[in-house]
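Please examine the following model with its sequence alongside. The account below goes from the overall fold to individual residues.

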Amino acid sequence: MKAEESHSGSHAAHAAQWSMTGGGSLIRMGCHPLSTVIYLKQVEAQARGERITVSGVTADVGNVAACLPPRDHTYIKANPVDVEDWGMLTLTFSDGTKSTVFSAT
């Protein structure tokens, strides 16, 4: 499965600060497609009469907006202080399948 939640950047100033949000785009937005992926795997497991669990997690985050020229900030409003504005998470499930979750602000 592949799941994503992205937009042009939060309009809330507190979204750019770790102390206010506990993380960046992966925490604030990536949690939504992540929960959907886990829910769908639970539905699949129930339909098959199996138990499917998460057996591995790999994640990477970064600040994409930091390297953009000022003119591009017209379209991308992300301006993180101490959090990431891009995140990727790969889940490996006990049945061997994988899911990738992307988030970007």
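A residue is called buried when its relative accessible area is under 20% and exposed when that area is over 50%, with partly exposed residues in between. S25 has a relative accessible area of 0%, so S25 is buried. This statement, like those that follow, concerns a predicted model.

The wider setting comes next. The protein chain contains 3 helices and 4 strands, which follow one another along the sequence in the pattern β-α-α-α-β-β-β. Its C-alpha trace spans about 55 × 25 × 20 Å along the principal axes. Of the 105 residues in the protein chain, 30% are buried. Among the contacts with a separation of 6 or more, 70% are between residues 24 or more positions apart.

How are the strands arranged? The 4 strands form an open sheet with mixed pairing, in the order 1-4-3-2. Strand 1 and strand 2 (54-62) occupy the edges with a single partner strand each, so each has one side without a neighbour in the sheet. From one strand to the next, the twist averages 10°. In general, the strands of a sheet pair through backbone hydrogen bonds, and the pairing is either parallel or antiparallel.

Both senses of pairing can be followed across this sheet. Strand 1 runs parallel to strand 4, and 5 bridges join the two; here E5 has S103 of strand 4 as its bridge partner. Strand 4 also pairs with strand 3, in the antiparallel sense and over 7 bridges, with W86 standing opposite A104 in strand 4. These two strands, 3 and 4, form a hairpin with 4 residues between them. Within that turn, G96 has a positive phi of about 90°. On to strand 2: this strand pairs with strand 3 in the antiparallel sense over 8 bridges, and G56 stands opposite T92 in strand 3.

Strand 3 deserves a closer look. Of its 8 residues, 6 are buried, so strand 3 is largely enclosed by the rest of the structure. T90 lies in this strand and has a relative accessibility of 18%, which is why T90 counts as buried. Leaving aside residues up to four places away in sequence, T90 touches G56, V57 and T58, together with K98, S99 and T100.

Attention now turns to the helix that packs on the sheet. Helix 3 (residues 31-48) lies across strand 1, strand 3 and strand 4, and runs at about 15° to strand 3. Its 18 residues reach 26 Å from the first C-alpha to the last, close to the 26 Å expected at 1.5 Å a residue. Which residues of helix 3 are buried? They are P33, V37, K41 and A45. These residues cover an arc of only 120° around the axis, and therefore lie on the same side of helix 3. What covers them includes strand 1 (2-6), strand 3 (86-93) and strand 4 (98-104). The face turned away from the buried side of helix 3 carries the exposed residues Y39, Q46 and A47. Just after helix 3, G49 adopts a positive phi of about 70°.

It remains to place S25, the residue with which the account began. S25 is found in helix 2 (residues 25-28). Which residues does S25 touch, not counting those up to four places away in sequence? They are G30, E84, D85, W86, G87, S103, A104 and T105. Among these contacts of S25 are W86 and A104, the residues that stand opposite one another in the pairing of strand 3 with strand 4. T74 is 49 residues from S25 along the chain, and the C-alpha atoms of S25 and T74 are separated by 19 Å.

Finally, the cysteines may be considered. A disulfide is a covalent bond between the sulfur atoms of two cysteines. With a pair of cysteine sulfur atoms required to be within 2.5 Å, the count comes to 0 disulfides. C31 has a relative accessible area of 31% and is partly exposed, whereas C67, at 63% relative accessibility, counts as exposed.

Technical notes
Residues numbered from 1 in each chain as written. Predicted model: local features only at pLDDT ≥ 70, side-chain atom pairs only at ≥ 80, totals over all residues. Heavy atoms only, no water. Expected span 1.5 Å × (residues − 1). Buried < 20%, exposed > 50% of the residue type's maximum accessible area, 1.4 Å probe, protein only. Arc of directions from axis to C-beta. Contact = heavy atoms within 4.5 Å. Pairing = 2+ DSSP bridges. Axes fitted to C-alpha atoms, helices over the stretch in contact; angles between N-to-C directions.
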